Amino acid sequence: MTASLLSLAGQTEAAGGEESLPWPPIAYGLVTLGMFLALLALLWAFRNSAPRLEQQLNAQHTRDSHAHRTADEQAGDRRTGDGHRADRQSADRQSSAGSH
């Protein structure tokens, strides 16, 4: 195996000592630059997204808490202010059940 590697190395040296690249050296630089610009474009697309997401979450939280508060207030209204009506209706039901 060592002999085959040495003979391969000898053939490479006899061919000029350098291995040839599949592309010219400038192509590697251009491909790398293109990849860098593509990643930069991706990063640029998501600029300022954290504050926008935070604003959306705060707005949703405010809207949800207002909805819960409204439901709680409505339940409180049934227990207090409108609760008298509910008490009258339950009293009417009890009296009608007792009279039958």
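**Close-up views of a four-helix model**

**View 1. The whole chain contains 4 helices and 0 strands.** This is a predicted model. Read from the N terminus, the elements of the protein follow the order α-α-α-α. The protein has 100 residues, and buried residues account for 4% of them. Its accessible surface is about 9200 Å², and carbon and sulfur atoms contribute 61% of that surface.

**View 2. Confidence varies along the protein, from a lowest mean of 60 in helix H4 to a highest of 97 in H2.** The average pLDDT of the protein is 74. A score of at least 70 is reached by 50% of the residues. Helix H4, where confidence is lowest, covers residues 83–99. Where pLDDT is low, the predicted coordinates should not be read in detail.

**View 3. Trp23 and Tyr28 form an aromatic pair.** The count of aromatic pairs in this model comes to 1. The ring centres of Trp23 and Tyr28 are 5.4 Å apart, and the ring planes meet at 40°. An angle under 30 degrees would count as stacked and one over 60 as edge-to-face, so the pair of Trp23 and Tyr28 is tilted. A pair of aromatic rings is described by the distance of the centres and the angle of the planes. Are these two residues buried, partly exposed or exposed? Trp23 is partly exposed, with a relative accessible area of 46%. Tyr28 is also partly exposed, at 34%.

**View 4. A nonpolar patch of about 740 Å² lies on the surface.** The residues that make the patch are Ile26, Leu30, Leu33, Phe36, Leu37, Leu40 and Leu43. One of them, Leu30, is found in helix H2. How exposed is Leu30? Its relative accessible area is 53%. The cut-off for exposed is over 50%, so Leu30 counts as exposed. Helix H2 is also where confidence is highest, at a mean of 97.

**View 5. Asn48 sits in the loop between helix H2 and helix H3.** Helix H2 spans residues 25–45, and helix H3 spans residues 49–79. Which sign does phi of Asn48 have, positive or negative? The phi angle of Asn48 is near 60°, a positive value in a residue other than glycine.

Conventions. Residues are numbered from 1 along each chain as its sequence is written. This is a predicted model: local features need pLDDT of at least 70, side-chain atom pairs count only at pLDDT 80 or more; totals for chains, interfaces and linings use all residues. Side-chain values use heavy atoms; hydrogens and water are left out. Helices (H or I, at least four residues) and strands (E, at least two) are DSSP runs, numbered from the N terminus. Buried means under 20% relative accessible area, exposed over 50%, partly exposed in between (1.4 Å probe, protein chains only). Accessible areas come from the Shrake-Rupley method with a 1.4 Å probe; for residues, only the protein chains shown count as cover. Rings of Phe, Tyr and Trp (its six-membered ring) pair if their centres lie within 6.5 Å; planes under 30 degrees apart count as stacked, over 60 as edge-to-face and the rest as tilted. Patches are made of residues with over 30% relative accessible area and no salt bridge: like charges are joined within 9 Å, nonpolar side chains (Val, Leu, Ile, Met, Phe, Trp, Tyr) within 5 Å. A salt bridge is a side-chain nitrogen of Lys or Arg within 4 Å of a carboxyl oxygen of Asp or Glu. pLDDT is the predictor's confidence in each residue, from 0 to 100.
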